[in-house]
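The exercises below are meant to be worked through with the sequence and the model open side by side. Each task is followed by a solution that proceeds step by step.

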Amino acid sequence: MKRLTVNGLSAEEKLRLICSDGFWHTPSLGGKLPRVSVSDGPVGLRKELRYEDGRVETVPSVAYPAVQSLANSWSREGARAMGEALADDCIENEVDILLAPGVNIKRCPLNGRNFEYFSEDPYLAGTLAYEYIDGLQQSGVGACLKHYYCNNLEYNRFEQSSEVDERTLREIYLKPFELAAKAKPVSVMCAYNRINGVYASENKKGFRILREEFGFDGAIYSDWEAVRDRTAACKAGLDIEFPFNQKNYEKLVADYHAGLLSDEELDACAARVLDLVYRVEEMKTKRQIKHTKEERRAIAKKLAEESIVLLKNEGALPLQKGESVSVCGEYACPKRYSLFSGGGSSMVRNDEHFFDLPALLRERTGAEVRYDPAFGTQGIVSNWQKPHKAFHDAAVSETAIVCVGTGSDIEYEGGDRANMRLPGPQEEMILEVARRNENTVVVIFAGSPIDMSAWKDEVSAIVWAGFCGESGGEALADILAGLVSPSGKLSETMPLSLELTPAYGSYCDALVARYEEGLDVGYRYYDTYNIPVAFPFGHGLSYADFSYSALKAQAGEKLSLSFSLENTSDVSAKEVYEVYVHTVENFVYRPEKELKAYGKVTLGAHEKKEIEVELDSSAFAYWSTATDGWKVDDGVYEIMIGASSRDIRLSFKVEIKAGKLTVL
């Protein structure tokens with residue numbers, strides 16, 4: 001097929017090209033161009049089939065762990081593996097671009113869509129998204145980085161303006177897009193909301209930053225129905241509107257003929273859509289399915305295994321061979337995927353592949369495992385007024401496991417959670433079981449932080465299973481039974497309560513959300529102001545113990561550091577190390593510490609490895625509003641290496657003077 005240019009298209013064809021074809025395709029211009037198909041992600045392919053009689057059918061697909069769970073793995077390899085597996089799903093279903101991943105920062109724990117996003121930290125979010133995108137695109141399927149930008153609540157997301165100062169935008173909310181854009185995604189999707197009063201679809205400044213500063217060279221398209229004025233969006237640089245909107249198209253044509261849209265502005269958008277079409281055609285040539293569906297499920301299990309976080313353990317875990325166990329909660333034997341997933345455009349229709357945790361534990365421990373569904377998201381399943389079977393089971397078992405959570409009834413696109421608490425019946429069940437068994441383990445299936453204050457101190461162990469995907473039950477059973485040591489760590493802080501979160505109390509009404517906390521998002525706030533938390537950013541326990549030692553550092557063009565990481569226990573395990581920078585002498589406000597490097601290491605029993613890390617100047621930089629650019633001040637900085645933001649094991653100081661680094 002001959003490659004077209006904008007010079008070979010009529011004005012009418014260019015106007016039609018930038019307005020999409022139906023819900024999921026770019027226009028073919030009467031057969032002149034290949035059509036590009038797009039479908040929802042990011043936790044599994046959600047492809048819709050729309051029929052002429054109005055029926056809509058969602059194609060079954062593998063359900064992977066939610067992005068929040070993926071981030072809890074702190075695994076670049078895992079993020080890449082998820083991208084590669086998703087590419088296989090897309091290739092099988094003739095999908096050219098997956099509408100994923102989302103890298104919006106978790107400013108508020110109530111955001112109904114937080115389970116789709118990586119972290120409260122921009123570095124962790126951006127670097128994991130880079131691997132996800134590269135894994136997807138190296139396999140021949142395009143990515144769509146979203147939602148650009150400051151889409152941090154679902155409440156009135158079509159109109160509300162996120163009001164954010166420039167430095168906070170650069171360091172927190174734009175940074176993950178900057179890092180992920182290095183993977184060269186074929187597309188970026190704008191958000192619905194306004195940013196400082198301007199709709200994301202018309203934000204010319206934001207699009208200029210994306211293209212000219214972040215090096216993005218793909219096409220920008222709208223979130224579905226995010227365009228209010230197609231002409232204004234085109235003039236700002238939004239290349240294609242999804243889905244096709246007849247009214248918007250007719251006004252665009254009229255505006256063009258009235259001289260309100262120049263040929264230069266139209267050509268710029270049309271040319272980028274053409275580039276997208278031909279880039280996708282080129283990517284198709286290297287498509288090859290690498291994994292069978294069963295292998296993809298195995299990848300989903302591995303991802304879940306590395307993402308499950310052991311938050312607390314006072315000896316109840318791992319379960320011992322032959323140990324009698326009671327399990328309660330509908331989440332342990334879900335008959336619908338919505339119990340352990342979030343709702344909305346990312347919700348996968350898995351092909352009835354569910355898990356049975358009691359049966360899986362019986363297989364692994366060889367013990368008696370009693371089960372009662374007891375409750376779900378809708379409340380109590382059994383009759384609460386009569387002696388409850390779950391209570392008896394807990395009383396006569398050596399260990400009691402209570403499976404609680406939220407699911408798509410509580411966490412979903414289009415709405416925010418009312419609070420951070422579990423439904424009342426679930427909290428009651430935890431406390432009732434804990435009164436009957438001192439070895440009570442709580443397993444949480446959720447996609448956003450939970451206020452655990454009512455019961456955290458009453459139980460022996462807490463396991464964060466997250467929205468773990470269709471194979472998550474098998475991974476969870478392996479961890480509970482001690483076949484695998486948990487290695488997940490929190491990608492967002494678990495606060496004590498909503499009232500203690502940084503955005504709480506900031507001005508917010510139907511039209512405006514003021515980001516009054518500025519840079520103090522997540523652990524940057526809690527650690528700077530010594531705010532107590534339930535579990536800190538980066539926290540996660542293991543069945544193994546690790547020691548950090550033998551720190552060395554050398555300064556050159558980059559700061560090179562090394563240290564020894566040793567597994568001092570008798571079990572093989574993985575450890576995530578985290579490297580933070582603390583500014584000792586600051587001439588502008590700096591949070592207490594900021595994550596600048598991390599890694600995940602596999603260590604056999606009593607194995608020791610030397611870890612090497614490099615930090616370049618960006619690790620010390622902040623956005624200077626005085627100079628409109630990144631700036632590194634002379635002064636003293638402390639490098640902190642730890643197992644969480646509040647568990648620092650090693651540290652040393654460096655001095656920067658006239659741009660030169662010296663280790664102190």
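**Exercise 1.** Are W74 and F537 buried or exposed? Determine this in the predicted model, and then describe how the two rings are arranged.

*Solution.* Begin with accessibility: W74 and F537 are both buried. Next, take the ring geometry, bearing in mind that a pair of aromatic rings is described by the distance of the centres and the angle of the planes. For W74 and F537 the centres are 5.4 Å apart and the planes make an angle of 55 degrees, which gives a tilted pair. Finally, place the two residues along the chain: W74 sits in the loop between α2 (67-72) and α3 (76-92), whereas F537 sits in the loop between β21 (533-535) and β22, so that the pair links parts of the chain 463 residues apart.

**Exercise 2.** Classify the ring pair formed by Y173 and Y515, and state which parts of the chain this pair ties together.

*Solution.* The ring centres of Y173 and Y515 are 5.2 Å apart and their planes stand at 75 degrees, so the pair is edge-to-face, given that angles over 60 degrees count as such. Because Y173 belongs to helix α5 (residues 166-173) and Y515 to the loop between β20 (512-514) and α16 (523-528), the pair ties together parts that are 342 residues apart in sequence. As to burial, Y173 has a relative accessible area of 2% and Y515 one of 5%, and because buried means under 20%, Y173 is buried and Y515 is buried.

**Exercise 3.** Characterise the largest pocket by its volume, its lining and the elements that contribute to it.

*Solution.* The volume comes to about 670 Å³. The lining consists of 24 residues, and those closest to the pocket centre are Y123, K175, L179, D616 and S618. Two or more lining residues come from each of α4 (122-137), α6 (175-180), β25 (594-603) and β26 (608-615), and α4 gives the most, with six. Sorted by class, the lining holds twelve charged, nine nonpolar and three polar residues. Y123 also belongs to an aromatic cluster, together with W74, Y523, F537, Y580 and Y598, which leads back to the pair of the opening exercise.

**Exercise 4.** Which residues have the most contacts inside the largest nonpolar core, and which helix gives the most to this core?

*Solution.* The largest nonpolar core has 181 residues, and Y148, I401, I444, F445 and M452 have the most contacts inside it. Helix α10 (residues 263-284) gives the most to this core, contributing ten residues. Another core of 28 residues lies apart from it, with A573, L615, I641 and L650 among its members.

Notes: Residues numbered from 1 in each chain as written. Predicted model: local features only at pLDDT ≥ 70, side-chain atom pairs only at ≥ 80, totals over all residues. Heavy atoms only, no water. Core = buried A, V, L, I, M, F, W, Y, C linked by side-chain atoms within 4.5 Å. Buried < 20%, exposed > 50% of the residue type's maximum accessible area, 1.4 Å probe, protein only. Helix = DSSP H or I, 4+ residues; strand = E, 2+ residues; numbered from the N terminus. 1 Å grid on protein atoms, 1.4 Å probe; cavity = no way out; pocket = protein on both sides within 12 Å on 5 of 7 lines; lining within 4 Å. Points joined across faces, edges and corners; volume = space filled by probe spheres on them. Nonpolar A, V, L, I, M, F, W, Y, C, P; charged D, E, K, R; others polar. Phe/Tyr/Trp six-rings, centres within 6.5 Å; stacked < 30°, edge-to-face > 60°.
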